[in-house]
Amino acid sequence: MAGGPGSYLFGEEEKREVMDVLESGYLFRYGQADDPRFKRKVATFEKEFTETIGARYAVATNSGTGSLLCCLAALGIGAGDEVIAPGYTFIASISSIVLANAIPVLAEIDSSLTIDPDDIEKRITPRTKAILPVHMLGNPCDMDRVMAIAKKHNLAVIEDCCQSFGASYKGKRAGTIGDMAAFSLNVFKTITSGDGGVVATNNRDLHERAFGFHDQGHKPDRMGVEVGNRSIIGMNMRINEVTGAIALAQLRKLDSILDVLRKKKARLKKKLEGGTGYGFRKINDPDGECATLLTVLFDTAELAERFCARFGMRPIADSGWHVYNNMEQILGKKTGRAFNCPYACPVYKGDAEYRKHMLPRTDDILARAVNVSIGVVDKGLGAGAGINVTSTDAEIDDFAERFLKAVSE
Ligand SMILES: *Cc1c(COP(=O)(O)O)cnc(C)c1O
């Protein structure tokens, strides 16, 4: 089975929450407040999310992509604005910028497989409005450096937490460090409701705007007099009570899932340590990563290739969806309508462009990198092999043995 750890651990808890909704008759997130049958699953999820993550505000949405759009809209990022994002990420980090009419400017990654702070600085222009660091593969970016650069140049920071639900960086949960953050509840993420997402922020105004954009411009929870009080146009990215119920049950499992992942990863990593010809990616906060994956970094691309051929895997560089070189949606395109996007406007006259191999450092790292699944089993990430959240110690040891054998051959 492919999917994230939450999808492997569906059970009675999710069933009970969903039955609660079905028996109540209330499917819409807005119900009659004084009716005790209305269970407020979406609102409860948002409240418990803020308590779990430590953010002041949260809006549940229909996807991570939608959440990124809410962040961009709330921050007022639009036509002609540049947003710096890494070349190694899911297409949604880039396409959401295009959909906001803004310009994605791609930056290199470093050996943590997250955005390289040195390279961010080189790409700042007078048009730059925001940095979009992506906590890839459950591993937070070097947020101290990212935040210092943002402060120095007066840029907003949108954390893409879609692959790092629950991660933390120096004691703070991912998604509480920048101005805003986007989370995903898709089936390949830490926890899941099939699809879904969350916007998080500590800023009241940004929350209000994000909430309005996800609804039809309404104030949070549609409280108060609405007509004459809607300050933003919205897109309806709401979730319903059934999705909210599943998300709530999964959220309550988050910390136990992370605990299991970290233990399983530690066992596997220990077994693979000290082998020749490879090491592991840099982890910016070893205590804070989600441990959804183990990324092996071979000394050369040739070693990675040879290992993968024997093991039936692929290096990250050609494992599909998350590498800019493989994103035909943007390659060879300039900006505006050239993206084939009816919404993107042709206002921008800059020179951003998207070519294969425009990020040589990223290419070098990804050609040497191989993803082993710990909890996220996803061929699209190059992690079709490895272990999962239900693997036993014997299964972990068996995988380690086969891995070491393939390396030594
Ligand atoms: C999954 C993902 C998204 C988009 O999330 P969806 O819920 O699938 O829309 C955005 N960014 C990254 C890094 C992701 O992995």
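Reader: What does Met19 count as, at 38% relative accessibility?
Author: Met19 counts as partly exposed, because its relative accessibility is 38%; buried means under 20% relative accessible area, exposed means over 50%, and partly exposed lies in between, with a 1.4 Å probe and protein chains only. This is a predicted model, in which local features need pLDDT of at least 70 and side-chain atom pairs count only at pLDDT 80 or more, whereas totals for chains, interfaces and linings use all residues. Residues are numbered from 1 along each chain as its sequence is written, and side-chain values use heavy atoms, with hydrogens and water left out.

Reader: Where is the place of Met19, then?
Author: Met19 is in helix H2, residues 12–24; helices (H or I, at least four residues) and strands (E, at least two) are DSSP runs, numbered from the N terminus.

Reader: And which residues make the nonpolar surface patch with Met19?
Author: Leu22 and Leu27 join Met19 in a nonpolar surface patch of about 280 Å². Patches are made of residues with over 30% relative accessible area and no salt bridge, like charges being joined within 9 Å and nonpolar side chains (Val, Leu, Ile, Met, Phe, Trp, Tyr) within 5 Å. A salt bridge is a side-chain nitrogen of Lys or Arg within 4 Å of a carboxyl oxygen of Asp or Glu, and accessible areas come from the Shrake-Rupley method with a 1.4 Å probe, where for residues only the protein chains shown count as cover.

Reader: On to H3. What should its 13 residues span?
Author: Helix H3, residues 41–53, should span 18 Å at 1.5 Å a residue, and its end C-alpha atoms are 18 Å apart, so the two agree; the expected span is 1.5 Å times one less than the number of residues.

Reader: Which residues of H3 are buried, and what covers them?
Author: The buried residues of H3 are Lys41, Val42, Ala43, Phe45, Glu46, Phe49, Thr50 and Ile53. Their cover includes H2, strand S1 (57–61), strand S8 (180–184) and helix H9 (241–251), with contact meaning heavy atoms within 4.5 Å. After H3 comes Gly54, with a positive phi near 85°.

Reader: How many residues of strand S5 are buried?
Author: Five of the five residues of S5, 156–160, are buried, so the strand is largely enclosed by the rest of the structure. Ala156, Ile158 and Asp160 lie on one side, with Val157 and Glu159 on the other. In a regular strand the side chains alternate between the two faces of the sheet.

Reader: In which sense does S5 pair with S4?
Author: Strand S4, residues 128–131, and S5 pair in the parallel sense over two bridges, and Ala130 has Ala156 as its bridge partner in S5; two strands pair if DSSP finds at least two bridges between them.

Reader: What does H5 pack against?
Author: The buried residues of H5 pack against H4, S2, S3 and S5, and seven of the nine residues in H5 are buried, including Ile91, Ile94 and Val98.

Reader: What is the phi of Asn101, just after H5?
Author: Asn101 takes a positive phi of about 75°. Most residues other than glycine have a negative phi. Asn101 is in the loop between helix H5 (91–99) and strand S3 (103–107), and its C-alpha atom is separated by 7.2 Å from that of Gly80, 21 residues apart along the chain.

Reader: And Leu113, buried or exposed?
Author: Leu113 counts as buried, because its relative accessibility is 0%; although not a glycine, Leu113 has a positive phi of about 65°, and it lies in the loop between S3 and helix H6 (117–122).
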